[in-house]
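Reader: Before I set up any calculation, I would like to go through this structure with you, one point at a time. Could you show it to me?

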There are 2 protein chains.
Amino acid sequence: MRNVKCARCVKCGREYEAVPRLTNCACGGILDLVYDYAYIKTVLTKEKLKERPYDMWRYRELLPVEPDTELPPLRVGWSPLYEAERLAKQLGVRRLWIKDDGLNPTASLKDRASAMAVAKAREAGAEVIACSSTGNAASSLAGNAAAAGLKTYIFVPSRAPKGKVAQLMSFGATVISVQGSYEDTFELSKQAIERWGWYNRNAAINPYLSEGKKTVGLEIMEQLGWQVPDYIAISVGDGCTIAGLWKGLKDLYAIGFLDRLPKLIAVQAAGCCPINRAVEENAPWRPMEENTLADSIAVGVPRNPDKAIAAIRESQGLTVEVTDKEIMAAQKLLGTSCGVFGEPAGVTGTAGLKKLCAQGKIPADATVVSVVTGNGLKDVANAIRSCGEPISVPSDMERLLEAFAAREIPLN
Amino acid sequence: MRNVKCARCVKCGREYEAVPRLTNCACGGILDLVYDYAYIKTVLTKEKLKERPYDMWRYRELLPVEPDTELPPLRVGWSPLYEAERLAKQLGVRRLWIKDDGLNPTASLKDRASAMAVAKAREAGAEVIACSSTGNAASSLAGNAAAAGLKTYIFVPSRAPKGKVAQLMSFGATVISVQGSYEDTFELSKQAIERWGWYNRNAAINPYLSEGKKTVGLEIMEQLGWQVPDYIAISVGDGCTIAGLWKGLKDLYAIGFLDRLPKLIAVQAAGCCPINRAVEENAPWRPMEENTLADSIAVGVPRNPDKAIAAIRESQGLTVEVTDKEIMAAQKLLGTSCGVFGEPAGVTGTAGLKKLCAQGKIPADATVVSVVTGNGLKDVANAIRSCGEPISVPSDMERLLEAFAAREIPLN
């Protein structure tokens, strides 16, 4: 890869050759891909981008894949960025855009990482990819690998929701339900991956995954015509996504596509916010319980906190925690004002933005992007619990009139 | 609209001016928009298309909207078309493509019709749109209207699944749950629409909706570089979608973009196939019961059979009926071979194609497109029922080895 110099440990600085099966540093730290920006500047221009297909691979010069790597088939990325004028007014910011990443092939931002995993597995000559996860990482891996003709072995704890297991099995994944905790599940997957040499799709140890995720940041900037917003708000679980987003923004700054960088708004659930707490207390992170219905960001022991914490600090970003009630209110807010249906973790970024606006912490002339990371159809159960009841009437106009009047529904 | 001549009744041939609030002909027949193809030829070229945004409105010269109509905000259309090489080989056709329309904003092809309804409602000066539906039409209308700042009143029978009602309410729709049958629901909605003058989004009487749906056909052809496939397979419920698809193909032929037309493959559920039965028996259609789990095409009394039956006949198309078991097998087949997760009605087209291939009715050198009309996340319950059980083990490598051996799972 002419565009990649090496992979460097974020903890001890040790450097490694960027081989496809890269894992953590000997010191345990996670690695970060280091690019040759001087070279990339000579081969990538804004003009060139205009002629390319609209998916995450349009930024190939900024991605750690070999020039001849066969790219995976599903169309990942280039999710829509909607300007939300009514919502901007309601929240009290000058301009606001919603990036709906729930419209990826398996309905979450994680497709960006899984597509990268499939590309790197192909480079490694692997025919099997494995991971342990109950959520979006698992379904995106299963879908992207199936499309590419690769097998997947996916380890889930036995408490995994049946709907998610069904989706995995529809994609042909071999699903191993482990009787025990998530730690037990992870442990068995680790042993199996080592034993059979499967390619490891695990954001905790595979440094390529956040390179896939960073394409959400690259896209936002291109979709905004390279005009940098003041803030980008996003939900934070294990930290890999916000770290990827920041990496993408810094890449663009390094090659001269941006003249400044936005501030990140890192939003966690109040019931599970170890990364934000570490930033706020300026102290090492400590584990927390996982008390939130936003399951995709319920990560009490984040496996990638270092990059995330560094990203929030470097961007002089804001942190904010939101309750489950605030999360579900944000789901409705996005639905009613933008027609965007996000899963609870997906709308948590918007919930945090709303809270900061109400607290007066975002200037009225600010420009903001809020990323929705997953589709509401992933978790209909919580939407049902929070949406309230419809108006119930017999098929009788008089009764309908009474019902409308009782609810003071305006009719014109 | 310079490109539209009039709307013509498909039954009696009477012509109407194409005003935004167009409904059925006085004779009860559904109307069909008639275009001025000679004019359109002078303003639309294949070259021009290359410079346009990738959504359904790129075909504006072929769509019945005024030049100054503000288009609705959600990014509808330009869903991916994947070539499915492994599946083509498995089914025994030369080339096969899967059009995944479940990746539209509210996860079904119906977004194309609802976006059109929103555009026409704006032309009509309406601020409220209404429909009666329990499914994809309702959620797509609610989402597209919310994004455009329009209100929706949606009438559902009280048996409507809670998840679908929740999605509607998340989009801010006023949902009226009618205690009674679908007929009772439709009747109350009709009275309310007349009383309050709401814009009517109902494919049975609004002729603009299939003009939105036809964009799926326009896209398929552009994505194939205007090379016409031998067949296009699609599921059929009330008939509006297959009629729209055919209209789009004929439009392209009329303006000289295509040199021939494909044959349609109309696939219905064996338990509910009034349109196919009419074609097969060459007799008027008769109502049927709705015995299929593919709820989105469970239409025993289709409201738009005339256009659909004409389309299948005109294309010299094939009809085929599939059992629920065959539908669920197709869901798994698409998942495992293509990474595409479709709802039961969404994969019914592929189920029918598979059946025809097995029956030797599709030549081995045929080229085929199969349209997936809705996302599997819309109906996880059926996927759960059909997907089987995962491998359950404790966190113990020996037990995992035993489990793999017992299932003869190959490990490399």
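Author: The questions below concern a predicted model, and they go from the single chain to the pairing of the copies.

Reader: Which radius of gyration does chain A have, and why does it fit a compact globule?
Author: The C-alpha atoms of chain A fill a box of roughly 75 × 50 × 45 Å along the principal axes. With 412 residues, a compact globule would be expected to have a radius of gyration near 22 Å, and chain A agrees because its own value is 22 Å.

Reader: How much of chain A is buried?
Author: Chain A is built with 16 helices and 14 strands. Among its contacts between residues at least 6 apart in sequence, 71% join residues at least 24 apart. Of the 412 residues in chain A, the buried share is 59%.

Reader: Is helix H13 of chain A largely enclosed or not, and how many of its residues are buried?
Author: Helix H13 of chain A covers residues 324-338, and at 1.5 Å a residue its 15 residues should span 21 Å, which agrees with the 21 Å between its end C-alpha atoms. The buried residues of H13(A) include Glu326(A), Ile327(A), Met328(A) and the run from Leu333(A) and Leu334(A) through Gly335(A), Thr336(A) and Ser337(A) to Cys338(A). H13(A) is therefore largely enclosed by the rest of the structure, the number of buried residues being 11 of the 15.

Reader: Which residue just after H13(A) takes a positive phi?
Author: H13(A) ends at residue 338, and Cys338(A) is among its buried residues. Just after the helix, a positive phi of about 70° is taken by Gly339(A).

Reader: What relates chain B to chain A?
Author: Chain B is superposed on chain A by a rotation of 180° with 0.0 Å of shift along its axis, at an RMSD of 0.0 Å. The two copies are thus related as by a two-fold rotation axis.

Reader: How do the residues on the side of chain B that touches chain A divide by type?
Author: The contact takes 67 residues from chain B and 67 residues from chain A. Among the elements of chain B that give two or more residues to this side are helix H5 (136-148), helix H7 (182-196) and helix H13 (324-338). The residues on this side of chain B divide into 35 nonpolar, 24 polar and 8 charged.

Reader: Which residue in E14(B) is the bridge partner of Val178(A)?
Author: Strand E8 of chain A, residues 174-179, runs parallel to E14(B) and is joined to it by 4 bridges. Within that pairing, the bridge partner of Val178(A) is Val393(B).

Technical notes
Residues numbered from 1 in each chain as written. Chains lettered and ligands numbered in written order. Predicted model: local features only at pLDDT ≥ 70, side-chain atom pairs only at ≥ 80, totals over all residues. Least-squares fit on C-alpha atoms with pLDDT ≥ 70 in both. Contact = placed C-beta atoms within 7 Å. Nonpolar A, V, L, I, M, F, W, Y, C, P; charged D, E, K, R; others polar. Pairing = 2+ DSSP bridges. Expected span 1.5 Å × (residues − 1). Buried ≥ 20, exposed ≤ 12 C-beta atoms within 10 Å, placed from the backbone. Rg over C-alpha atoms; globule rule 2.2 N^0.38 Å.
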